[in-house]
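Trainee: Got a minute to go through this one with me? I'd like to ask a few things and hear how you reason each of them out.

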Amino acid sequence: MDVCAIKVASRAAKRFVIVVCLIIVALEGWSSWHERRTVVEESFRSTANMAVALSQHADQALDEVDIVLKAALEQAASTRKTSGDRARLHNFLVENVSDVPQLAGLFIYDEKGAWIASSQPVLETRFNNSDRDYFIHHKDQRLNTAFIGKPVRSKSTGHWVLTMSRRINKPDGTFGGVALATLDINFFERFYHQFDIGRKGAILFGTNNATVLYRRPLLADSMGKVLSGSPLFQQHVKLADSGSVEIHSTQDGELRINSFKHLSNYPLVMIVAVSKGEVLRAWTRHAIEKALGIGFLLMAICYGGSKMVTQVALRERAQAEAVTAQENMEKLFQLLQVQSRRDGLTGAINRRYFDELLELEVARFGRSGGAISLLMIDVDHFKKYNDSYGHVAGDQCLQQVAAAISEAARREVDAVARYGGEEFVVLLPACGRAGATVVAERICAAVRSLAIAHPFSEGAVVSVSVGISSIESGKGFTFQPREIVEVADKALYTAKEEGRGRAVYREFIYRPPVLVWSA
């Protein structure tokens, strides 16, 4: 009996070891599959973010060129045929090309395609540009919009350039020529080379009708190539503003993860692609290493027999507990991070996090300029409301007011914070005085529309007073965050003094610090 029992126990132990081995194989297979899926999903996210960043960069670069192009049109319109006026026009074009890094050149052509002026040292008269697509476009269509043509080789330098042009009209409205800006391909190439897309990846900048303006890496036939027959364009790019898709290339058969984003201001699209094989290369190597390790482990388990069963079970249990603990810690960390940035009552951003956002936005404003506005908001006669209805009703009132303010400040970049007590503050990046005034009036109307009864407030409903402060400037203008807050706060007090329930704007006047010299 004892021998039989031992044999039965031995067979049971062997079967148990086999089951454990199968479980380990299954778990490791699931883990590897999960890691693979995570790597692919992260690649989708990174390429999508890259496409958005590149499209924003292209939008900004083209906007800057279009501004210069409009200025060149005005300058050309006021230029007469005297040598002095032509010299001033030439100097204007040269200065703008030197100031805008993406510009390769500026040119003015008459209605026949002859060169009138350019940013080059010597005006070329031996060339005629009436055969260019941009010239034909403006000649045939009377549109007051910029036209981005196919990439061309410059007749003066022989280099590939991108073109942006505008139509010149004569006083009677007829075609008077073209103002052309050529964009340096190297400008985009230098920027695109900062992004890691792997050895087989690609960045494609093209028009919505599938004409390639630039491609990294640049192939011999890339410039101006039309990819209208590509499944990527036919089935995805033409149908959505942005997206990500896994598709085989029609050129080399490589399976790539492609993310695209159309530009906001121009009929152009940015595509970022990475090779799925390269994305999974590290995962494959890691999976092979893990497979070898599991193989040795299984051999050890089989060799050790029943004694190893307990150790394997303990190891798996410890591993599962460690994974669960890590997930719980991550969830707790995310929850604490969210809670640390939010006001517990209203759900708006708290004062500490708002101060951090304001410092970051002021620093960004100093680097790039533009516009920034700040609204300081106070619930009118809130102490009397609390005294009349109690703190519970006061808390509910603040929650409703915070929700109304958040609904009125609709952009994703707008930040609504509880500044303290019944005071709120709204940060409006890239928003000038006019836009801030609209948002402030919208907030006042939204709060009044809540129709919260308040016998001590004008109209017998809860209202708010809003102080507005805005700054608009070019890059390099710096100020302290507290300064714009102080101006908005003064505007808020003015709104209160004028009767409350209204928005008042106060101009931001910069006063540089006074330097006191001592002997």
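**Walking through the model**

Mentor: Let's start with Met299, which is found in helix α7 (residues 281–304); helices here are DSSP runs of H or I with at least four residues, strands are runs of E with at least two, and both are numbered from the N terminus. Before you ask: this is a predicted model, where local features need pLDDT of at least 70, side-chain atom pairs count only at pLDDT 80 or more, and totals for chains, interfaces and linings use all residues. Residues are numbered from 1 along each chain as its sequence is written, and side-chain values use heavy atoms, with hydrogens and water left out.

Trainee: Is Met299 buried or exposed?

Mentor: Buried means under 20% relative accessible area, exposed means over 50%, and partly exposed is in between (1.4 Å probe, protein chains only). Met299 has a relative accessible area of 56%, so the word for it is exposed.

Trainee: Which residues form a nonpolar patch with Met299 on the surface?

Mentor: Patches take residues with over 30% relative accessible area and no salt bridge; nonpolar side chains (Val, Leu, Ile, Met, Phe, Trp, Tyr) are joined within 5 Å, like charges within 9 Å. Areas come from the Shrake-Rupley method with a 1.4 Å probe, and for residues only the protein chains shown count as cover. This patch has about 470 Å² of accessible area together, and Met299 shares it with Ile288, Leu292 and Phe296.

Trainee: Glu28 and Lys290 form a salt bridge; how far apart in sequence are the parts tied together by the pair?

Mentor: A salt bridge here is a side-chain nitrogen of Lys or Arg within 4 Å of a carboxyl oxygen of Asp or Glu. Glu28 and Lys290 fit, with their closest N and O atoms 3.5 Å apart. Glu28 lies in helix α1 (residues 2–77) and Lys290 in helix α7, so the parts they tie together are 262 residues apart.

Trainee: Which residue is linked with Glu28 and Lys290 in a network of salt bridges?

Mentor: Glu28 and Lys290 are both buried. The network links these two with one further residue, Glu35.

Trainee: Glu361 forms a salt bridge with Arg364; what is the relative accessible area of Arg364?

Mentor: Both residues lie in helix α9 (residues 351–368), three residues apart, about one turn of the helix. Their closest N and O atoms are 2.7 Å apart. Glu361 counts as buried at 12% relative accessibility, whereas Arg364 is partly exposed, at 27%.

Trainee: Lys496 and Asp378 meet in a salt bridge too; are these residues buried or exposed?

Mentor: The N to O distance is 3.3 Å. The pair links distant parts of the chain, with Lys496 in helix α13 (residues 481–497) and Asp378 in strand β12 (residues 370–379), 118 residues apart. Lys496 and Asp378 are both buried.

Trainee: In the open sheet β13-β14-β12-β15-β16, which are the edge strands?

Mentor: Strands pair if DSSP finds at least two bridges between them. The pairing in this sheet is mixed; one example is β12 with β14 (residues 423–429), an antiparallel pair joined by seven bridges. Pairing on one side only marks the edge strands, β13 (415–420) and β16 (503–505).

Trainee: At what angle does helix α11 run to β14?

Mentor: Axes are lines fitted to C-alpha atoms, for helices over the stretch in contact, and angles run from 0 to 180 degrees between N-to-C directions. Contact means heavy atoms within 4.5 Å. Helix α11 (residues 391–408) lies across β12, β13, β14 and β15, and its angle to β14 is about 10°.

Trainee: Last one: in the open sheet β8-β7-β11-β10-β9, why is one side of β8 and of β9 left without a neighbour?

Mentor: The pairing in this sheet is antiparallel. Seven bridges join β9 to β10 (residues 255–262), with Ser242 opposite Lys261. One side stays free because β8 (212–216) and β9 (242–248) stand at the edges, each with a single partner strand.
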